[in-house]
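Here is a short tour of a two-chain model, meant to be read with the structure open beside you. We will take the fold of one chain, then its helix packing, then the place where the chains meet, and finish with some local details.

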Amino acid sequence: MGMAKENQFHVLAVDDSIIDRMLIERLLKTSSFQVTAVDSATKALKFLGLVEDAASEIHQEVDVNLIITDYCMPGMTGYDLLRKVKESKSFKDIPVVIMSSENVPSRINRCLEEGAEEFFLKPVQQSDVNKLKPHLLKSKVKEEKEQPINN
Amino acid sequence: MEVGQMQRQWMGYMKSLFMEGFLDGQFLQLQQLQDENNPEFVVEVVSLFFEDSERILKDLSFAVDQQSVDFKKIDAHVHQFKGSSASIGAQRVKNACIAFRNFCEEQNIDACRSCLQQVKQEYIHVKNKLETLLRLEQQIVAAGGSIPMMEWN
């Protein structure tokens, strides 16, 4: 499996709005994250190496520590992406954060129930991004615990 | 004009834009994301906003002019515009979009047409204001000064 840069977390950002992509990328980079930004859930799945049919999941070379995605996107929504990630063998433990411009409690609950770590209301603020590191560190610890011990 | 004067002029202009509701706190967030490593960030985002807005307005004009109006499509465009204007802090444009969406929901085509004009007007307004503001910033930087940090509470 490809290793992320030492001490740098890699975030995959998904948003169909070019302005919001620019914003989230800048916000994440300010927090020293490495960022890959794509404009659709389909492209996100492609980047992760996940194709439509989960059975053909290939061995992942990509190392992503967190996925942050817009909810409302044409075609596949952020919610669909969340489900696909949580259903996948390789990526189900990656924290997923949902962003939305609309404050709809039922939507928020549905995402959290499906396994999203956080739900950010847009426009996303620096204070929101500051909430991400704990989720990433928690995953890192879990990942290290699951590594076979090499003697 | 010397740098200090330009900076004061800039501050006065920014304050008026906030007082008049053209911009909100989100614009300050953008300013804060700009630094020596990303000195053009605000200009880049605002330029993108202009391009994107013009595209959306074109699509909207086309959509409301149709014989058989697709309110879902119109709403989708307005939703997009509301999002992008909120993201840069263009408060009046955002509010005009909110009103527009209500009429889409009611499927009131006349009100929608009128809303489109409103949104267009607000966009042109804020575009002029932002261009003036960014020109002032350019002048300050060209004269060796830095753009003041603004607090908004």
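Read from the N terminus to the C terminus, chain B runs α-α-α-α-α-α. In other words, this chain has six helices and zero strands. Please keep in mind that the model is predicted. Along its principal axes, the C-alpha atoms of chain B fill a box of roughly 55 × 25 × 25 Å.

**How the helices of chain B pack**

Two packed helices are described by the angle between their axes and the distance between the axes. Two pairs in chain B are set out below.

| Helix pair | Axes come within | Crossing angle | Classes in the contact |
|---|---|---|---|
| H2(B) and H4(B) | 6 Å | roughly 60° | four nonpolar, two polar, no charged residues |
| H5(B) and H6(B) | 9 Å | roughly 170° | 14 nonpolar, no polar, two charged residues |

Let us begin with H2(B) and H4(B), whose axes cross at roughly 60°. An angle between 115 and 145 degrees or between 35 and 65 degrees falls outside the parallel, antiparallel and perpendicular classes, and the two helices are therefore oblique to each other. On the H2(B) side the contact is made by Gln26(B), Phe27(B) and Leu30(B), while H4(B) brings Ala86(B), Ser87(B) and Ile88(B).

The second pair joins helix H5 (residues 91–105) and helix H6 (residues 109–142) of chain B, with axes crossing at roughly 170°. Angles over 145 degrees count as roughly antiparallel, and that makes H5(B) roughly antiparallel to H6(B). From H5(B), the residues in contact include Val93(B), Ala96(B), Phe100(B) and Phe103(B). From H6(B), they include Leu116(B), Val119(B), Tyr123(B) and Val126(B). Cysteines are found on both sides, among them Cys97(B) and Cys104(B) of H5(B) and Cys112(B) and Cys115(B) of H6(B). The two helices also bring Arg92(B) and Glu122(B) to this contact.

Residues far apart in the sequence of chain B also meet. Tyr13(B) sits in helix H1 (residues 3–19). Its C-alpha lies 7.3 Å from that of Leu133(B), although 120 residues separate the two in sequence. Leaving aside residues up to four places away in sequence, Tyr13(B) touches Lys129(B), Thr132(B), Leu133(B) and Leu136(B).

**Where chain B meets chain A**

How many residues does each chain give to the contact? Chain B gives 19 residues and chain A gives 14 residues. About 1,500 Å² is buried between the two chains, and carbon and sulfur atoms give 63% of that area. Leu33(B), Leu48(B) and Ser87(B) supply 33% of the area that chain B buries against chain A, more than any other three residues. Ser87(B) has also appeared above, in the contact of H2(B) with H4(B).

Turning to the polar side of the interface, five residue pairs are in polar contact. The count of salt bridges between the chains is one. Arg101(B) and Glu102(A) form a salt bridge, with their closest N and O atoms 3.0 Å apart. Helices H2 (25–32), H3 (41–64) and H4 (71–88) of chain B each supply at least two residues of the side that touches chain A. By class, that side of chain B has eight nonpolar, six polar and five charged residues.

**Local details in chain A**

Over all chains, the structure holds 17 salt bridges. One of chain A's pairs is Asp15(A) with Lys122(A), at 2.7 Å from N to O. Asp15(A) lies in the loop between strand E1 (10–14) and helix H1 (18–30), and Lys122(A) in the loop between strand E5 (118–121) and helix H5 (126–129), so the pair ties together parts of chain A that are 107 residues apart in sequence.

Lys122(A) has another feature to look at: its peptide bond to Pro123(A) is cis, with omega near -5°. Pro123(A) is placed in the loop between E5 and H5 of chain A.

Finally, have a look at Ser32(A), which is not a glycine yet has a positive phi of about 65°. Ser32(A) is found in the loop between H1 and strand E2 (34–38) of chain A.

Key. Residues numbered from 1 in each chain as written. Chains lettered and ligands numbered in written order. Predicted model: local features only at pLDDT ≥ 70, side-chain atom pairs only at ≥ 80, totals over all residues. Heavy atoms only, no water. Contact = heavy atoms within 4.5 Å. Buried area = accessible area lost by both parts, 1.4 Å probe. Salt bridge = Lys/Arg side-chain N within 4 Å of Asp/Glu carboxyl O. Polar contact = N/O pair within 3.5 Å; in protein donor to acceptor, adjacent residues only side chain to side chain. Nonpolar A, V, L, I, M, F, W, Y, C, P; charged D, E, K, R; others polar. Axes fitted to C-alpha atoms, helices over the stretch in contact; angles between N-to-C directions.
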